[in-house]
Structure formats: structure tokens, C-alpha cells
Amino acid sequence: MIPLDVAKVRVLRDCHPLPVTEVTLAEADGLVLAESVAAQEDIPPFDNTAMDGFAVVAADTAGATEGAPARLSIAGTIAAGAVAPRPLQAGEAMRIMTGAPMPDGADAVIMVELTTVEGDDVLARAEVPVGNHVRTAGDDVKAGVEVLSAGSPLSAGHLGVLASLGRQRVEVHRRPRVGVISTGDELVEGPQRLEPGQIRDSNRHTLLALVGRVGCEAVDLGLVRDDEDLIEKGLRDAASTCDAVITSGGVSMGDFDYVKAVLSRIADMDWMQVAIKPAKPLAFGTLEGIPVFGLPGNPVSSMVSFELFARPGLRQMMGHPQPERQTFWAVAAEGLPRRPDGKTHFGRVRAQMGADGRLELRSAGGQGSHQLTAMADSDALALLPDGDGVQPGDEVEVILLDHLHRA
Ligand code: AMP
Ligand code: MG
């Protein structure tokens with residue numbers, strides 16, 4: 001068996017960032033920026049009000065209270081998108097709406113809730129300091145500064161920043177197309193009655209969703225029988241149409257592990273036994289230059305193997321400077337037992353905030369590598385070092401998963 005880190009290094013060695021391409025903002029969500037973006041102009045571009053109210057000269061409100069308001073004459077209205085008809089004079093106020101530019105001469109805004117209109121006048125019922133509720137030009141971004149650097153993953157807020165800078169297209173690493181193949185003569189699909197020995201293919205659906213979740217384009221390459229010619233054809237088609245391919249099943253020590261036979265012949269593979277449970281067997285290498293992840297067939301193993309190896313590999317292909325997930329420390333709220341076997345175990349757990357604000361872990365259910373329901377319902381993997389497991393109250397390192405759609 002080899003250590004987890006050694007297997008990861010092997011995978012990352014052959015997962016290279018894809019070429020840079022230009023995409024629209026609509027296409028850029030989840031991709032990694034491949035250029036430095038500097039601001040050509042200030043954001044916001046002009047001094048404006050953060051409140052609906054009246055633009056005033058702060059000194060005119062000196063000493064104003066509910067009982068003794070300051071009387072100012074209303075000199076106009078400024079809507080968002082408009083500009084003041086003329087500068088403000090001392091003793092005047094202009095109605096102003098959130099986002100509208102400050103008129104020349106004004107240096108503060110009093111919010112509408114603190115004013116009372118009387119005919120052509122407004123009563124300011126409080127004193128406001130200079131700069132009150134004024135958002136100055138460049139308060140968010142100053143012209144000339146680098147706003148986003150190459151290697152930044154783009155998400156919702158960044159797309160907004162790019163749009164506010166006037167960008168419609170950006171340079172990113174191309175989104176990888178990732179083919180997913182299931183293999184195994186026992187596998188069928190759909191609702192029909194199972195013949196003796198048959199099970200339904202679950203891995204492909206799981207892996208396609210996980211691939212999509214990473215931000216890659218998931219390509220369903222179907223279910224392939226345990227037949228060398230069909231497997232070779234499936235793999236070669238994948239290599240010619242995709243940037244990476246993920247198989248599940250057929251890579252362990254069984255007699256009919258044809259994926260292993262075929263990949264050994266046509267690809268440059270390493271067959272690894274990683275000191276982890278689940279997901280000990282891992283095949284990884286390149287076929288016609290593209291990474292091939294041969295994940296184990298057991299449903300939990302294939303998910304854990306995806307998380308530990310394929311996810312970082314694919315993220316590196318997307319250009320992420322940090323392809324691996326951060327780990328966190330949590331506390332076992334119950335015992336998480338295991339047996340010594342020279343491996344690190346990845347326990348499927350539920351993580352919840354405890355009363356003392358610490359993250360508490362509880363088993364998500366059956367821990368067999370075939371027991372997919374517990375994995376499906378787990379929001380973290382607990383790293384259980386070799387030994388007898390952890391006791392209630394022990395600190396545990398965890399990988400927080402993001403495959404659940406829970407809030
Ligand atoms: P293998 O790696 O081919 O020896 O398969 C290991 C276990 O995973 C066996 O019990 C297979 O039936 C099961 N398995 C393999 N592929 C799939 C799949 N796509 N969906 C569900 N179970 C699978
Ligand atoms: Mg098989």
C-alpha cells in the first residue's frame with residue numbers, strides 16, 4: 001500500500017491546467033480567471049447617497065433636534081440616474097434618492113425618516129455630520145488597482161464586479177469535458193425486474209453529478225459490458241472527445257476486471273493500492289494524453305475516490321491554484337470505532353454545530369463501502385487514523401463535503 005499523499009502527487013502530476021480561452025460572463029461562473037483584471041474607473045464612479053433623504057450642508061443642521069429642527073428650503077429633487085439641476089446653497093436641501101449623485105455644495109445626507117416637509121421647506125430634526133450617508137467615488141474599487149488576479153475562481157459576486165467594470169468577456173481556463181463510464185456485466189439500468197446477479201448502475205449518475213458540481217462539463221458515456229473490445233472502444237472515444245475520463249469498476253483484483261486489462265495495454269497507468277478505506281484501489285494514468293481516473297466500483301468507494309483524487313485533479317485542470325479542499329477540526333459527539341489495519345479510514349459523518357459552537361460529528365449510518373445511503377446523507381468525511389477509532393469528545397480532522405443541497 002502507498003500513502004494517500006503519494007497517490008495524490010501521482011494524480012496531480014498529470015492533471016495540467018487547460019488552455020486559456022475567452023468566454024462571456026454568463027459562461028464564466030465557476031471557472032478560473034487566467035488574466036489580471038484592473039479597474040479602469042472608480043466604483044462607485046461618483047459620490048452618491050446611501051439613503052433616501054435630503055442632501056444638505058452639514059453645518060446647516062448644527063444643533064438641530066426633534067424639538068428644535070433646522071428649517072431648510074427645498075431646492076429640487078435628484079433621482080438615481082439624474083444629476084442635480086444646480087449646486088446646493090447654504091440654507092437649502094435637495095431631495096435625493098439612494099444611488100443618486102450628491103449635488104455640488106452638499107456634504108451630507110439626512111435620511112427621510114429624520115425630516116418633515118412643510119410646504120416648500122423641510123425640517124431637519126437631527127444634526128448630521130459631514131459625510132453622513134455619502135458613499136464616495138472609489139469607495140469600493142479605485143481606478144488603476146488590480147481587482148482580480150489570474151488564478152481567482154469566479155463566482156457570483158466576482159461576475160458582478162466584472163460587470164460593474166464594464167467587462168463582458170474574460171479570459172479563463174477552458175471548462176474541462178469529463179466523460180464518465182460505468183463497467184460491469186452485473187449492471188443494468190432502469191426499472192425492469194433484476195435477473196439473478198444483476199444490480200442497477202448507480203455510480204455513473206453519482207459521478208456525473210459530482211463532476212458537474214466541481215464545475216466541469218459532465219459527459220455521460222454510458223454503461224459498458226465486461227468486454228475488452230467494447231471497453232477499449234469506449235475509452236478511445238472518451239479520449240478523443242473529452243479532457244479527462246472517469247471509469248468505475250473493474251480496477252481491483254478480480255478475474256473479470258477488464259478495465260484493468262485494457263488500460264494496461266492502451267494507456268500509461270499506475271495501479272495503486274492506497275492506504276485508505278474505503279477506496280483502496282486506484283488506477284490513474286493517461287490515455288492519448290488525457291488523465292484517466294479508474295475509480296473502484298463499490299459505490300461509496302467511487303465517491304470517496306472521486307473526492308480524494310478526481311476532484312483535485314479536475315480542479316487543477318480548471319486552473320485552481322489550490323485544488324485540494326481545506327480540512328477542519330471537529331469533535332466526535334459519539335464514538336467512531338474502527339479496527340487497526342494500516343489505513344486511514346474516511347468515516348461518513350453528519351456534521352452539526354454544537355451548543356458550544358464547535359462542529360460535532362455523528363455517524364451518518366452504515367459504514368460499508370456498499371452502503372451508499374449513509375454516504376449520500378453525510379456532509380463530511382472524518383479522517384480516522386489507524387487504530388481503534390475515536391472516543392466521544394476526541395478532536396477529529398474532517399473534510400467538509402459540498403454535495404448536499406441542504407442549506
Ligand atoms: P469491481 O470494482 O468491478 O470489482 O466492483 C466492485 C463492486 O462495486 C461490485 O459489487 C460491483 O457490483 C459494484 N459496482 C461496480 N460498478 C458499479 C456501478 N456502476 N454501480 C453500482 N455498483 C457498482
Ligand atoms: Mg466489475
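The dialogue below goes through several features of a predicted model and how each can be read.

Q: What should be kept in mind about the model and its numbering?
A: The model is predicted, so local features need pLDDT of at least 70 and side-chain atom pairs count only at pLDDT 80 or more, while totals for chains, interfaces and linings use all residues. Residues are numbered from 1 along each chain as its sequence is written, chains are lettered from A and ligands numbered from 1 in the order in which they are written, and side-chain values use heavy atoms, with hydrogens and water left out.

Q: Which domains does the assignment give?
A: Domain bounds come from an automatic or database domain assignment. Here that assignment gives domain 1 (4–18 + 175–317), domain 2 (20–43 + 139–173), domain 3 (48–135) and domain 4 (327–400). Between the C-alpha centres of domain 2 and domain 3 there are 36 Å.

Q: How is a sheet read, and what is the order of the open sheet that includes strand 13?
A: Helices (H or I, at least four residues) and strands (E, at least two) are DSSP runs, numbered from the N terminus, and two strands pair if DSSP finds at least two bridges between them. In this case six strands form an open sheet with mixed pairing, in the order 16-13-17-21-20-18. Its edges are strand 16 (217–224) and strand 18 (268–273), each of which pairs on one side only. On average, neighbouring strands of this sheet are turned by 15° against each other, direction ignored, where axes are lines fitted to C-alpha atoms, for helices over the stretch in contact, and angles run from 0 to 180 degrees between N-to-C directions. Within the sheet, strand 13 (residues 177–183) and strand 17 (residues 244–248) are parallel and share five bridges, and Val178 has Ala244 in strand 17 as its bridge partner.

Q: Which helix packs on that sheet?
A: Contact means heavy atoms within 4.5 Å. Helix 7 (residues 299–318) packs on the sheet and touches strand 13, strand 17, strand 20 (281–287) and strand 21 (290–295), its direction making about 170° with that of strand 21.

Q: Where on helix 6 do the buried residues lie?
A: As a general idea, an α-helix has 3.6 residues a turn, so residues three or four places apart point the same way. Buried means under 20% relative accessible area, exposed over 50%, and partly exposed in between, with a 1.4 Å probe and protein chains only. In helix 6 (residues 258–266), the residues Val259, Val262, Leu263 and Ile266 are buried. They lie on the same side of helix 6 because they cover an arc of only 95° around the axis, the arc being that of the directions from the helix axis to the C-beta atoms. The elements that cover these buried residues include strand 13, helix 5 (228–241), strand 17, strand 18, strand 20 and strand 21.

Q: What is the surrounding of Ser248, and is this residue buried or exposed?
A: Ser248 belongs to strand 17 and is buried, with a relative accessible area of 2%. Beyond its neighbours within four places in sequence, Ser248 is in contact with residues including Ile181, Asn203, Leu295 and Ser302.

Q: How are aromatic pairs counted, and how many are there?
A: Rings of Phe, Tyr and Trp (its six-membered ring) pair if their centres lie within 6.5 Å; planes under 30 degrees apart count as stacked, over 60 as edge-to-face and the rest as tilted. By this rule there are two aromatic pairs. The pair of Phe284 and Phe293 is tilted, because the ring centres are 5.0 Å apart and the planes stand at 55°. Both Phe284 and Phe293 are buried.

Q: Which strands pair with strand 25?
A: Strand 22 (residues 328–332) and strand 25 (residues 359–363) are parallel and paired over two bridges, with Val331 opposite Glu360. Strand 24 (residues 344–353) runs antiparallel to strand 25 and is joined to it by five bridges, with Met353 opposite Leu359. Strand 24 and strand 25 form a hairpin with five residues between them, and Gly357 in the turn has a positive phi of about 85°.

Q: How exposed are Leu361 and Gln352?
A: Leu361, in strand 25, counts as buried at 0% relative accessibility, whereas Gln352, in strand 24, is partly exposed at 49% relative accessible area.
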